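Here's a quick tour of a fold, starting with the aromatic rings and working outwards to the whole chain. Keep the viewer open as you read.

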Amino acid sequence: MCTNWNNLLSTGLLATLRALDKGTADELTLLSENYSFRGELAGICRSLAVRAYKDGERSALAELHAALALVYERDFSGARVTDADHERQPILRDVAALLERAVLGRELSRISESSVTGHPTSGTEYVRWLKKMVGEHPAGWHPFYHQHLAKHGSREDLRLLLAQETNLDPRFDDILALMQIGRHGGEKLEIAANYWDEMGNGDPAQVHTKLFGEALAAIGADPDFVRATFLLEAGVSGNISACLALSRRHYYKAVGYFGVTEYLAPRRFRCVVDAWRRHDLDEVGIVYHELHIGVDAGHAAGWFKNVVGPLVDADPRIGREIALGAMMRLNTSQDYLDALLKRSSASAKPTTTSVTV
């Protein structure tokens, strides 16, 4: 691999990243030390980011996020003993850092500075201010949930929705575990309590990732269906959630991002439960969403009271970072729900048949 790296790079970013899985430990060590290779790879990442965000090439945007998703898949995967001597991180982190810079740069450019500054410096008042921000954003009461799904959404709409929700739900427990690193006191205890709920409070049958898997199975959203129907906009949202959770410097943005996630879940999941029962689907598949209607309401309250408020009280500058993360969640959630609503509405339109007499 290391002697023909130019040929490897010519296959493109995704193929190059996948090829790393086939390298021996010695090959990967040499490749990591080959700064010409890493420089060329960095150039490919920068070029892809320009095509995706400056030139507006949707195919480039899809490739960029597929590459990021591949890196994050490695980050969230279990360890393999056969990989103990295989060091891929220097190369993967090069790629992630460059692509994340482009992704976050675009998301930050969508947020006006006035919307995340001038906030209260008291934690209690800041929480009220943040909730008002969420309530006034189009994603706060998105029509996909509160009009389309709640009133006349089809079984296929539910299936499509759950396929998109694989962008976060299957790894939310690991994200909460990561967010506890380096935190203390009530802040850490609140995140830990949330994590323990995700773990089914010690009951393996109630672990939330297991329950979500049962929901997918009940609606027929198997891995092939998820791959075939997964929206680029959902992938963007999922990648940003992974980025904020994995990067320590973005911790405060993650607090805002996942605080909004918890805050919106109960109202959205009520729509899912109502649609599920309207179609008389297997009750085993709705345990996950029905459970979260109550659980996430409590977690959102605790998150605001024990994490957000104390952080702002301790250092008001943190309020801007929390607000940025909150806006990222709102904007990207709106993006993929807009795309999902458009797809659902298009599929629901009656077809007209031309009859020749």
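Let's begin with the rings: eight aromatic pairs turn up in this structure, which is a predicted model. Take Y126 and W129, a tilted pair with 5.2 Å from centre to centre and 40° between the planes. Both residues sit in helix α8 (residues 123–136), three residues apart, or about one turn of the helix. The two partners differ in how much solvent they could see: Y126 is buried, with a relative accessible area of 0%, whereas W129 counts as partly exposed at 21%. That call on W129 is a close one, because buried means under 20% relative accessible area.

Now for a pair that spans two helices. Y263 and F304 meet edge-to-face, with their centres 5.4 Å apart and 80° between the planes. Y263 belongs to helix α16 (residues 251–278) and F304 to helix α17 (residues 287–314), so this pair ties together parts that are 41 residues apart in sequence. Here Y263 is the partly exposed partner, at 22% relative accessibility, while F304 is buried at 4%.

There's also a small group worth picking out in the viewer: F172, Y257 and F258 are linked by ring pairs into a cluster.

Here are the two pairs described above, set side by side.

| Pair | Geometry | Centre to centre | Angle between planes |
|---|---|---|---|
| Y126 and W129 | tilted | 5.2 Å | 40° |
| Y263 and F304 | edge-to-face | 5.4 Å | 80° |

Next, the long-range side of things. Which residues does Q334 touch once its neighbours within four places in sequence are left aside? They are H137, P138, A139 and H142. Q334 itself is part of helix α18 (residues 318–348). Its C-alpha atom is 9.7 Å from that of W141, even though 193 residues separate the two along the chain. The chain as a whole has plenty of such links: of the contacts between residues at least 6 apart in sequence, 79% join residues at least 24 apart.

A couple of loop residues deserve a look at their backbone. N201 has a positive phi of about 50° although it is not a glycine. You'll find N201 in the loop between α12 (185–198) and α13 (208–219), where it counts as partly exposed at 47% relative accessibility. D280 is another non-glycine with a positive phi, this time about 55°. Its place is the loop between α16 and α17, the two helices that carry Y263 and F304. With a relative accessible area of 69%, D280 is exposed.

Finally, zoom out. The protein chain has 18 helices and zero strands. Its radius of gyration is 22 Å, which agrees with the value near 21 Å that a compact globule of 357 residues would have. Along the principal axes, the C-alpha atoms fill a box of roughly 75 × 60 × 45 Å. Of the 357 residues, 52% count as buried. The accessible surface comes to about 16,300 Å², with 54% of that belonging to carbon and sulfur atoms. As for charge, the chain carries 40 positive and 46 negative charges, and their mean positions lie 5 Å apart.

Definitions and conventions:
Residues numbered from 1 in each chain as written. Predicted model: local features only at pLDDT ≥ 70, side-chain atom pairs only at ≥ 80, totals over all residues. Heavy atoms only, no water. Helix = DSSP H or I, 4+ residues; strand = E, 2+ residues; numbered from the N terminus. Rg over C-alpha atoms; globule rule 2.2 N^0.38 Å. Buried < 20%, exposed > 50% of the residue type's maximum accessible area, 1.4 Å probe, protein only. Contact = heavy atoms within 4.5 Å. Areas by Shrake-Rupley, 256 points an atom, 1.4 Å probe, with all protein chains shown as cover. Lys, Arg positive; Asp, Glu negative; His and termini not counted. Charge placed at Lys NZ, Arg CZ, Asp CG, Glu CD. Phe/Tyr/Trp six-rings, centres within 6.5 Å; stacked < 30°, edge-to-face > 60°.
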